[in-house]
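Grab a pencil and work through a few exercises on the model shown here. Try each task before you read its solution.

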Amino acid sequence: MPERKANLLIPAVGATVLVAGSIAAYVYFKGPSGDSSGALGSAKLVPSTALMATYITTEPEAWAKLEQFGTPEAQKLLAKGLEDFKQDFFSDGNISYEKDLKPWVGGVMVAMLPPNPTKLAQSNQPNSATKAQPEPNILMVVGIKNKLNALNFANQLKSKAGVKVQESDYKGETITEVTENGRLTYSAVLNNNHLVLAPEKQAVEKAIETFKGKPSFASQEGAKTILTANADVKNILAQVYIPDYGGMIQQLVAASPQARQLPPQSLKQLQQVKSMVARVGVDDQGVRMRAIANLDPQLNKFDYQTSPAKIVGQLPLDTFALMTGNGINRSWSAIVEQSQDYPGFNQIVQQVRGQLKFVNIDLDKDVFGWMDQEFAFGAVPSNQGMLANLGFGGALILETSDRQTATATLSKLDTLAKTQRIKVANRNIDGKDVTEWQIPGQGALLSHGWLNQDTVFLAVGGSVAEAIATSNTPKLDSSDTFKAVTGSLQKPNAGYLYIDAEKTASLVNRFVAQGQPLSSEVNAVLSSVYGFGITATSPDKSMGQLEMLLALKPKTAK
C-alpha cells in the first residue's frame, strides 16, 4: 500500500508542478491561493459521475487536537507509527513529508469514478487471462496552498533517477505522464491551484473536462451545503460523500467479475438510502464521527422510536458492553414484512414459527408481541458458578405494557425447561421473586423475574441476577466511563451501543492468556481509551443519522 501510494503521488506531484515553472509564473506564485485546500474547491474538479469522494484535511490545527489525549506510552506509539508510515510512504527518493510536502500540500480529495468501460469489458471477457477484480478508478485532487514551495519541490525532483516524464496536451491543459519502476501515473495542474492525478489517463481527462465546464461533483444536489457545513463536527479530519448509495453498490458489483448480480429485492433494500455523508473530527471528548443518510420514505419500513435510556439504571455498574433501544416488536414486524422479498429468510422464519407451535408458543405474539417498550442487553463480568471460566454473563431487561402475556410466555418456557430435566426453582432476591433454571453443581443457568410492575429481566448466571435484582447496588448510569462515552451523544436517540475499553481488554487478555496475549503496544493504546459509543436518530422517515464516539482519556503527564 505505501509503495503504491508513493509511486502515485510523489513522482506525479513533482513532475506535474514543473509545467507551472517559469520566471513569468514567479509573480503569480506570490498571489493568494484561493480555496484550493477546501473540500468544495476540490469537488469542483471531480466529475459529477463520481460514485463517492473523501476529503482529508492537512490543516495542522485539526490533527494537533489529538495530542491532548493519551498516556505517554500511547503518545510515543502514535508518534512512532506516524514516523514509520512517513518513512515507508516516502522511502523512494528521500522525500520528507515535513520538509518537502507539508509546506505546500493542501487538503486531499480522493474520488472513486465509475469503472473504465474498456478495462471492465476486458476483465469480463471469457478468455481473459485473469479474472481478478480491476483496480478502482481513482482520481486524487491535491490542493496547492503555497505555489512557490510546490515549484521548488518539483525542481528538486526534476533530476531524480529512474523517473521518465512525457507531456501531452488535452483541451489546452498539459497532462504529464510519469513512469517509475514500470508504473504509470497521469496528472495535471489546473489553474495553478490544484494537482489532479490518477493511475488512468481517462480520469485526468475527465477532471480537465470538468474544469472546462462539465458538471462537477460539487454541482450534485445538496453537495455544496454538505461539503461546506462543519457545525455538527469540530476539527474535521475527513469527510465522505456518497450522492447515490444504491447506484454506487450496483456499479461496484457490476465491476467485479466474481460478484453475483444483485437480486431485485436486495437492490430495493439498497435504494432505501438515497445519499450519505459522513464526517470524522476531534473534540474535547475524543474522535467523533457523524453520518447522515437521506432515505426514501416510501421504502423505509422501520418505525423510529426514541429511547429514554432510563433502563440503563437497572444494569450493574460494571456492565462492560450494552445495547439499548425501544420497541423490539416493531422492528420484528418490519423484518417479517421485508422477509417476504427473501424466500430463504422467510423459510427460516416459517420453520421457527412451526417448531415453537409444537410447544404451544406463538413466535409473533408470545415472544415478540409484548416487547413494545424500552429494552437493554448487557454483558456483565462474573467469576462465580458456571460463569467462572467464561468470566462474564449476560442480561436482557425489557419494559412492557403487556405483563400478562410476558408472564405467560415465561411460564411456558419454565415448563419446557422442566421437560429437559432442568431444575426450575424460586428464589427471593432483595424482596423480588426470581425463577432460576439450575444446573446441579454449577448454580443458575438462567434467571428471570420482575423488577417492577412493567420491567422484567432475564439473566445468564446467578450472580448477574443478584446484581440486577439488588436495589441498593451502584448501577451503570452512575459510571464515570459510561458518562464519558455516552454523555455527549445526541439526545433524544434510538438507544446506545456502548463498550467499556478497559473492562473488555481485561476479559480479552484473560481469554488469550493461554495463547498469544495482547501486546504491550495494544494495551498502551487501550489504556488511553474510555470506550466506544454509537447512537442513531431519525427526525423523520426521510433522514437517518448515526453518531459514533471513540472516547479518549485526557493526556497524562510524562
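The exercises below go through charged pairs, a strand, a histidine, a surface patch and some backbone oddities in this predicted model.

**Exercise 1. A charge network**

Work out which residues the salt bridges around Arg 290 join into one network, and say where Glu 547 and Arg 290 sit in the chain.

Solution.
- Start with the pair itself: the side chains of Glu 547 and Arg 290 form a salt bridge, at 2.9 Å from N to O. The two ends come from distant parts of the chain, with Glu 547 in strand S20 (residues 543–552) and Arg 290 in strand S10 (residues 286–295), 257 residues apart. Both Glu 547 and Arg 290 are buried.
- Next, look at Asp 283 and Arg 288, whose side chains meet in a salt bridge with an N to O distance of 2.6 Å. The cut-off for buried is under 20% relative accessible area. Asp 283 has 9%, so Asp 283 counts as buried. Arg 288 is at 4%, so Arg 288 is buried too.
- Now try a pair elsewhere: Arg 427 and Glu 436 make a salt bridge at 2.8 Å, N to O. Arg 427 is partly exposed at 30% relative accessibility, while Glu 436 is buried at 5%.
- Put the network together: salt bridges with shared partners join Asp 283, Arg 288, Arg 290 and Glu 547.
- For the overall tally, the count comes to 12 salt bridges.

**Exercise 2. A strand and its partners**

Is strand S7 (residues 194–198) enclosed or open, and which strands pair with S7?

Solution.
- Count the buried residues: 5 of the 5 in S7 are buried, so the strand is largely enclosed by the rest of the structure.
- Check each face. His 194, Val 196 and Ala 198 lie on one side, Leu 195 and Leu 197 on the other, and all of them are buried, which leaves both faces covered.
- Find one partner: strand S3 (residues 137–144) pairs antiparallel with S7 over 4 bridges. Here Gly 143 is opposite His 194.
- Then find the other: strand S6 (residues 183–190) is joined to S7 by 5 bridges, again in the antiparallel sense. Ala 188 faces Val 196 in this pairing.
- Finish with the turn. S6 and S7 make a hairpin with 3 residues between them, and Asn 191 in that turn has a positive phi of about 60°.

**Exercise 3. The surroundings of a histidine**

Describe the setting of His 448: which strand holds it, and which side chain makes a polar contact with its own?

Solution.
- Place the residue: His 448 belongs to strand S16 (residues 443–450).
- Judge the exposure: at 7% relative accessibility, His 448 is buried.
- Pick out the polar partner: the side chain of Asp 414 is in polar contact with that of His 448, at 2.9 Å.
- Fill in the rest. Setting aside neighbours within four places in sequence, the contacts of His 448 include Leu 410, Val 434, Trp 437, Phe 457 and Leu 458.

**Exercise 4. A nonpolar patch**

Which helix gives the largest share of the nonpolar surface patch?

Solution.
- List the members: Phe 302, Ile 335, Phe 345, Ile 348 and Val 352 make a patch of about 390 Å².
- Sort by element: helix H14 (residues 343–357) supplies the largest share, 3 residues.
- Take one example from that helix: Ile 348 sits in H14 and is partly exposed, with a relative accessible area of 47%.

**Exercise 5. Backbone oddities**

Which peptide bond is cis, and what is the sign of phi at Asn 235 and Asn 360?

Solution.
- Recall the background: most residues other than glycine have a negative phi, and most peptide bonds are trans.
- Identify the bond: the one from Lys 491 to Pro 492 is cis, with omega near -5°. Pro 492 lies in the loop between helix H18 (480–486) and strand S18 (496–500).
- Turn to Asn 235, which has a positive phi of about 50°. Asn 235 is in the loop between helix H10 (223–228) and strand S8 (236–242), and counts as partly exposed at 31%.
- End with Asn 360, where phi is also positive, near 65°. Asn 360 is in the loop between H14 and helix H15 (363–369), and its relative accessibility of 55% makes it exposed.

Definitions and conventions: Residues are numbered from 1 along each chain as its sequence is written. This is a predicted model: local features need pLDDT of at least 70, side-chain atom pairs count only at pLDDT 80 or more; totals for chains, interfaces and linings use all residues. Side-chain values use heavy atoms; hydrogens and water are left out. A salt bridge is a side-chain nitrogen of Lys or Arg within 4 Å of a carboxyl oxygen of Asp or Glu. Buried means under 20% relative accessible area, exposed over 50%, partly exposed in between (1.4 Å probe, protein chains only). Patches are made of residues with over 30% relative accessible area and no salt bridge: like charges are joined within 9 Å, nonpolar side chains (Val, Leu, Ile, Met, Phe, Trp, Tyr) within 5 Å. Accessible areas come from the Shrake-Rupley method with a 1.4 Å probe; for residues, only the protein chains shown count as cover. A polar contact is a pair of N or O atoms within 3.5 Å; within protein, one must be able to donate a hydrogen and the other to accept it, and residues adjacent in sequence count only if both atoms are side-chain atoms. Contact means heavy atoms within 4.5 Å. Two strands pair if DSSP finds at least two bridges between them.
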